[in-house]
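This report describes a molecular structure, covering its strands, its ring contacts and its ligand site. The sequence and the model are shown first.

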Amino acid sequence: MVRNLIFMTGATGVLGQELVKELLQSPDSEIAILVRAKNRASHGERVKKILTAIGVDAHLGSRIHVIEGDVTHHKFGIRKEDLAYLERDCRAFYHIAALTALNGTERECQQINVGGTEHALELAWDLRKKGKLERFVYFSTAFVAGSVWNHSSKEDVLPAQPAFANYYESSKYKAETKVREAMAKGLPVTIIRPSIVVGHSETGAVSDFNVIYPFIKLFAHGVLSKIPTHLQNTFNIVPIDFVIRATCAIVKDPRSLNKAFHVVAPEPPSIGMLLKVGEEEYSTVPPIEVIDPRHFKKNKMSAQEQMVFAMLEPYLGYLNGHLTFDTTNTREILRGTGIKMPKTDRAFLKTLIRYAVKVGYLAI
Ligand SMILES: NC(=O)c1ccc[n+]([C@@H]2O[C@H](COP(=O)([O-])OP(=O)(O)OC[C@H]3O[C@@H](n4cnc5c(N)ncnc54)[C@H](OP(=O)(O)O)[C@@H]3O)[C@@H](O)[C@H]2O)c1
């Protein structure tokens, strides 16, 4: 008999994979994961491949149930029998799937992040009314507040006039607005807002180098040599193990219902600190010139740099850390759990870079 069925979208992604493994630590958990049918592989082959990719062995894998679907479809396009299964047993629904590419188009971000969340909410209402759903956990982002302005972001509100750097941020803002509307209508919701998720606090390990890593790679490999920011500007990164442990502790606590939580670094590192670590650790890293954004002239760059730079514009807000995050809710819930807010100091930056070099992502 299923005691605690969790339904999760985005389980094949960076955060989802780790969350699945953590949730399976609880022996009464079973997890139904939504997976896109990608090619002609049979369902069985696909399931096997997914479990291997997630890093779950056959024993734990027996508590994972794969449901095919796509968040861009009404009720994710899942089969009737899968719907019935969720209606019968599902108690928690984690909506994690999103298009996380910061250079995603407006249409893609709208379809996957906003449309996908609308479909998730529609399904959550069904599971609440017809089934046993106790909680809808939504993965938002700390950057719903928009990364390109001076603002102190609060956990339980969205700013009225945010300033966005890209369609990822604006679509996540719209999606969180929809989640908040559902919450106001009575859906039991918990909103998790991580900043930029990076590798493990002790090992630097991460299953995929997404979001901020490709940006760092361009500088480390000398493709770009100038950066419009200030050395003292900060960028908010958060180790993945903290995000996972904090999320589980937050969701477990009944006080977290109908609240949002900034899962971020309390003291984010500065650009100067990152450059120094690169310089100290790797003499082959080409020099990087930091230019005051007010004096940064794109037309002074080489044609190749201009082209690459144009692709990077959606990232720039993250390097001009004028957006800060209140963490009152998170600190309150984590008090007494033994989970400490993460350290993202020089030693942590070194750990992250060493891991990326060790596995060959950074060739420096
Ligand atoms: N990583 C970060 O720095 C960060 C920071 C703050 C917030 N977040 C939020 O945390 C969540 C997870 O981020 P992540 O970094 O783990 O993302 P990720 O690695 O890019 O993974 C995205 C996940 O969404 C799934 N997905 C995308 N489009 C889908 C669709 N149309 N139908 C079904 N599934 C779909 C992907 O499935 P496939 O395997 O089929 O592609 C994958 O499982 C997102 O909501 C993101 O906004 C992430």
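Strand β7 (residues 189–194) pairs with β11 in the parallel sense, and five bridges connect the two. The model discussed here is a predicted one. Within this pairing, Ile 191 has Ala 260 of β11 as its bridge partner. Strand β11 spans residues 259–263 and is mostly covered, with four of its five residues buried.

**Strand β1 and its partners**

Strand β1 (residues 4–9) is likewise described as mostly covered: five of its six residues are buried. β1 runs parallel to strand β2 (residues 29–35), to which five bridges join it. In this pairing Met 8 faces Ile 33 of β2. The connection involves helix α1 (residues 14–23), which together with β1 and β2 makes a right-handed β-α-β unit. β1 also pairs with strand β4 (residues 90–95), again in the parallel sense and over five bridges. Here Thr 9 stands opposite His 95 of β4.

**Aromatic contacts**

The model contains 14 aromatic pairs. One of them is formed by Tyr 213 and Tyr 361, whose arrangement is edge-to-face, with 6.3 Å centre to centre and 90° between the planes. Tyr 213 belongs to helix α7 (residues 213–220) and Tyr 361 to the segment after α12 (346–358), so this pair ties together parts that lie 148 residues apart in sequence. Both tyrosines, Tyr 213 and Tyr 361, are buried. The ring of Tyr 361 has a further neighbour: Lys 217 lies over its face, at 4.0 Å from the ring centre. Elsewhere, ring pairs link Phe 7, Phe 76, Phe 93 and Phe 136 into a cluster.

**Ligand site**

Which residues are closest to the ligand? They are Thr 12, Ile 96, Thr 100, Tyr 168 and Ser 195, from a total of 26 residues that surround the ligand. The table lists polar contacts between ligand atoms and the protein.

| Ligand atom | Protein partner | Distance |
|---|---|---|
| Nitrogen | Val 71, polar backbone atom | 3.0 Å |
| Oxygen | Lys 172, N or O atom in the side chain | 2.8 Å |
| Oxygen | Val 197, polar backbone atom | 2.8 Å |

Val 71 and Val 197 thus appear with polar backbone atoms, whereas Lys 172 takes part with a side-chain atom.

Technical notes: Residues are numbered from 1 along each chain as its sequence is written. This is a predicted model: local features need pLDDT of at least 70, side-chain atom pairs count only at pLDDT 80 or more; totals for chains, interfaces and linings use all residues. Side-chain values use heavy atoms; hydrogens and water are left out. Buried means under 20% relative accessible area, exposed over 50%, partly exposed in between (1.4 Å probe, protein chains only). Two strands pair if DSSP finds at least two bridges between them. Rings of Phe, Tyr and Trp (its six-membered ring) pair if their centres lie within 6.5 Å; planes under 30 degrees apart count as stacked, over 60 as edge-to-face and the rest as tilted. A charge sits over a ring if NZ of Lys or CZ of Arg is within 6 Å of the ring centre and within 35 degrees of the ring normal. A crossover is right-handed if, with the strands pointing away from the viewer, the path from the first strand over the helix to the second runs clockwise. A residue is near a molecule or strand if one of its heavy atoms lies within 4 Å of it. A polar contact is a pair of N or O atoms within 3.5 Å; within protein, one must be able to donate a hydrogen and the other to accept it, and residues adjacent in sequence count only if both atoms are side-chain atoms.
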